[in-house]
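Welcome, and take a moment to turn the model around before reading on. A good way to get to know a new structure is to begin with the whole and then visit a few places one by one.

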Amino acid sequence: MNREYPEVAMASDDFDLFRDAISGTQPLKQDTVVHERKATRFKGEVIAEQKKQHQAEFYFSDEYVPDIDTHGTINFVRPGADKYLAKQLRRGDYAPELILDMHGMNKETAKDELAALIHACKKQHISCACIVHGIGERILKHKVPHYLVQHPDILAMHQAPLEYGGKGAILILVDLPQNPEFRR
């Protein structure tokens, strides 16, 4: 009996019983089958992601600098829209149904997420959303309004009331189709 490994120690008659039990067996013939790896995502998902990325790059340029003050209270209404919309956003007349938290994102990820948020608002027929960019180093605080001004579906935006994030957030109004049955 082995004192170092008592659980491994087996009597010689156990080995004989094992040999008797497997006598007459033959080794298995191993057939090798090579399985092809399929794409982990469906083709439609890849196309949708490429389309979202293209839209984000098309609408959101880092070179474009709009004439809005991002150091004070952020306030914008698209030309041709009712100027009263910004005041309604400031007063909290519109409650956001979707909230996008951008903490920890870089500018490229922020562009993609903004495009996805606007698309989701249009698809779900939601007119008001809140974008929480935070304050931090103020990179997204300055860039997010510049990106939003460039998008043709943004009617208005205003710094969020305190209950939705205050200086670290923006409320946006998305231009929706007139017919609520129409959803993209």
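What follows is a walk through this predicted model, from the overall layout to single residues and a pocket.

Let us begin with the overall layout. The protein has five helices and five strands. If you trace the chain from the N terminus, the elements come in the order α-α-β-α-β-α-β-α-β-β. The protein is made up of 184 residues, and 34% of them are buried. About 13,000 Å² of the protein is exposed, with carbon and sulfur atoms supplying 51% of that area. How far apart along the chain are the residues that touch one another? Among contacts between residues at least 6 apart in sequence, 74% join residues at least 24 apart.

Now follow the chain into its helices. Is helix H1, residues 12–22, mostly in the open or buried? Of the 11 residues of H1, the number buried is zero, so this helix lies largely in the open. Just after H1 comes Gly24, which takes a positive phi of about 90 degrees.

Helix H3, residues 84–91, gives another picture: here Leu85, Ala86, Gln88 and Leu89 are buried. Looking down the axis of H3, you will find these buried residues within an arc of 160 degrees, so they line one face of the helix. A general point about helices helps here: an α-helix has 3.6 residues a turn, so residues three or four places apart point the same way. What do the buried residues of H3 pack against? Their partners are four elements by name: strand E1 (75–77), strand E3 (128–132), strand E4 (154–159) and strand E5 (169–174). After H3 the chain reaches Gly92, where phi is positive and near 90 degrees.

Two of those strands are worth a visit, starting with E3. Ala129 sits in strand E3, and because its relative accessibility is 0%, under the 20% limit, Ala129 counts as buried. Which residues surround Ala129, leaving aside its neighbours within four places in sequence? Ala129 is in contact with Pro96, Leu98, Leu117, Cys121, Ile170, Leu171 and Ile172. One of these, Leu117, is 12 residues from Ala129 in sequence, and the two lie 8.2 Å apart in space, C-alpha to C-alpha.

Moving on to strand E5, we meet Ile172, which is also a contact of Ala129. With a relative accessibility of 0%, Ile172 counts as buried. Setting aside neighbours within four places in sequence, the contacts of Ile172 include Leu117, Ser127, Cys128, Ala129 and Ile131. Leu148, Ile154, Ala156 and Met157 are also among the contacts of Ile172. Ala86, one of the buried residues of H3, lies 86 residues from Ile172 in sequence, with 9.2 Å between their C-alpha atoms.

Next, look at helix H4, which holds Lys111. Is Lys111 buried or exposed? Lys111 counts as buried, because its relative accessibility is 8% and the limit for buried is under 20%. Lys111 and Lys143 are 32 residues apart along the chain, and their C-alpha atoms are separated by 9.5 Å.

Between H4 (107–124) and E3 there is a loop, and His125 is found in it. His125 has a positive phi of about 60 degrees although it is not a glycine. This residue, His125, is partly exposed, with a relative accessible area of 25%.

Our last stop is the second largest pocket, which holds about 160 Å³ of space. Of the 15 residues lining this pocket, the closest to its centre are His133, Ile135, Gly136, Glu137 and Leu140. Which element gives the largest share of the lining? Helix H5, residues 139–150, does so with three residues. Sorted by class, the lining has five nonpolar, six polar and four charged residues.

Note on methods:
Residues numbered from 1 in each chain as written. Predicted model: local features only at pLDDT ≥ 70, side-chain atom pairs only at ≥ 80, totals over all residues. Heavy atoms only, no water. 1 Å grid on protein atoms, 1.4 Å probe; cavity = no way out; pocket = protein on both sides within 12 Å on 5 of 7 lines; lining within 4 Å. Points joined across faces, edges and corners; volume = space filled by probe spheres on them. Helix = DSSP H or I, 4+ residues; strand = E, 2+ residues; numbered from the N terminus. Nonpolar A, V, L, I, M, F, W, Y, C, P; charged D, E, K, R; others polar. Buried < 20%, exposed > 50% of the residue type's maximum accessible area, 1.4 Å probe, protein only. Contact = heavy atoms within 4.5 Å. Areas by Shrake-Rupley, 256 points an atom, 1.4 Å probe, with all protein chains shown as cover. Arc of directions from axis to C-beta.
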